[in-house]
Amino acid sequence: AWVPRRSTKVDLKSPYPLVIITPGFLIGADQYTSYAERLASWGYVVISYDFVQQALDPTTDVDCVNLLEELIEWCRSSELLGKISDSNNIMLMGHSRGAKISTLAAINDKRIQSLFLLDPVDVTVYTPPDRSLYPSATTALSVARPIPICIVGAGKGYDCAPQESNYDLYFKSSRGPTWKIVIDDSGHLQFLDARSTTAMGAFCQ
């Protein structure tokens, strides 16, 4: 958890908006430390977390969403974080599959006011076939309540974020105010603090 100091770059007062960062598949939460520090300096309480999963036995999307919802409740009930964070004013930030989990969680939870998606990935050929456990986030987003979304895409990220299920599909499916930025020369893992230290570094160029 990261919390603002007494003096932030904007004149926000406690309780501060809450941001929860969900990492990409097989990527540790420590890879997003620079984002958390930056957000805290601007007056956000930031939570980043890990969850255990295996490459050939991933935690289901439904379980991941349930875990994220439990984390929100933990922030609300925490003796410290409950006092300084506004659990009714939440932005979910996610990278890759973490963006998908964040989107699925936001759709039915009105406490979540906005989404920030880093090179998001939806259902691909590698996704297990059971849609009750691994639903499409973009299909759900296309009929969901309008949610403000900022999407950052990797122009060269197609090896791990296939074009048919990447940031463009999220942009087209969104019903709320949506901003899309594409960094043309970036790859899928170049949004991390140190891409070479992750298991996915062997697969994503």
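This is a short tour of the structure above, moving from the whole protein to single residues.

**The whole chain**

Start with everything shown as a cartoon, and keep in mind that this is a predicted model. You should find six helices and six strands. Trace them along the sequence and you will meet them in the pattern β-α-β-α-α-β-α-β-α-β-α-β.

Now rotate the C-alpha trace: along its principal axes, the protein spans about 45 × 35 × 30 Å. Its radius of gyration is 16 Å, which agrees with the value near 17 Å for a compact globule of 205 residues. Of those 205 residues, 51% are buried. Switch on the surface, and about 10200 Å² is exposed, with carbon and sulfur atoms supplying 54% of it.

**Into the largest core**

Hide the surface and select Ile20 and Leu92. These two have the most contacts inside the largest nonpolar core, which holds 32 residues. Next, colour helix 2, residues 61-77: this helix gives the most to the core, with six residues.

Which residues does Ile20 touch, beyond those up to four places away in sequence? Select Ile47, Tyr49, Leu68, Leu71, Ile72, Met91, Leu92 and Met93 to see them. Apart from this core lies another one, of 18 residues; Tyr32, Val152, Met200 and Cys204 are among them. As a general rule, nonpolar side chains in soluble globular proteins tend to be buried together.

**One step along: Ile21**

Move on to Ile21, which is found in strand 1. Is this residue buried or exposed? Its relative accessibility is 1%, and buried means under 20%, so Ile21 counts as buried.

Leaving aside neighbours within four places in sequence, Ile21 is in contact with Tyr32, Tyr35, Ala36, Val46, Ile47, Ser48, Tyr49 and Met93. Try the distance tool on Ile21 and Tyr32: they are 11 residues apart along the chain, and their C-alpha atoms are separated by 7.8 Å.

**A covered helix**

For the last stop, select helix 4, residues 97-107. How many of its 11 residues are buried? The count is 11 of 11, and the buried residues include Arg97, Lys100 and Ser102 as well as Ile101 and Leu104.

To see what covers helix 4, show its surroundings piece by piece. The cover includes these elements:

- strand 1 (16-22) and helix 2
- strand 3 (85-95) and strand 4 (112-118)
- helix 5 (137-141) and helix 6 (167-173)

Finally, zoom back out to the whole chain. Among contacts between residues at least 6 apart in sequence, 75% join residues at least 24 apart.

Definitions and conventions. Residues are numbered from 1 along each chain as its sequence is written. This is a predicted model: local features need pLDDT of at least 70, side-chain atom pairs count only at pLDDT 80 or more; totals for chains, interfaces and linings use all residues. Side-chain values use heavy atoms; hydrogens and water are left out. Helices (H or I, at least four residues) and strands (E, at least two) are DSSP runs, numbered from the N terminus. The radius of gyration is taken over C-alpha atoms; the globule rule is 2.2 Å times the number of residues to the power 0.38. Buried means under 20% relative accessible area, exposed over 50%, partly exposed in between (1.4 Å probe, protein chains only). Contact means heavy atoms within 4.5 Å. Accessible areas come from the Shrake-Rupley method with a 1.4 Å probe; for residues, only the protein chains shown count as cover. A nonpolar core is a set of buried Ala, Val, Leu, Ile, Met, Phe, Trp, Tyr and Cys residues joined through side-chain atoms within 4.5 Å.
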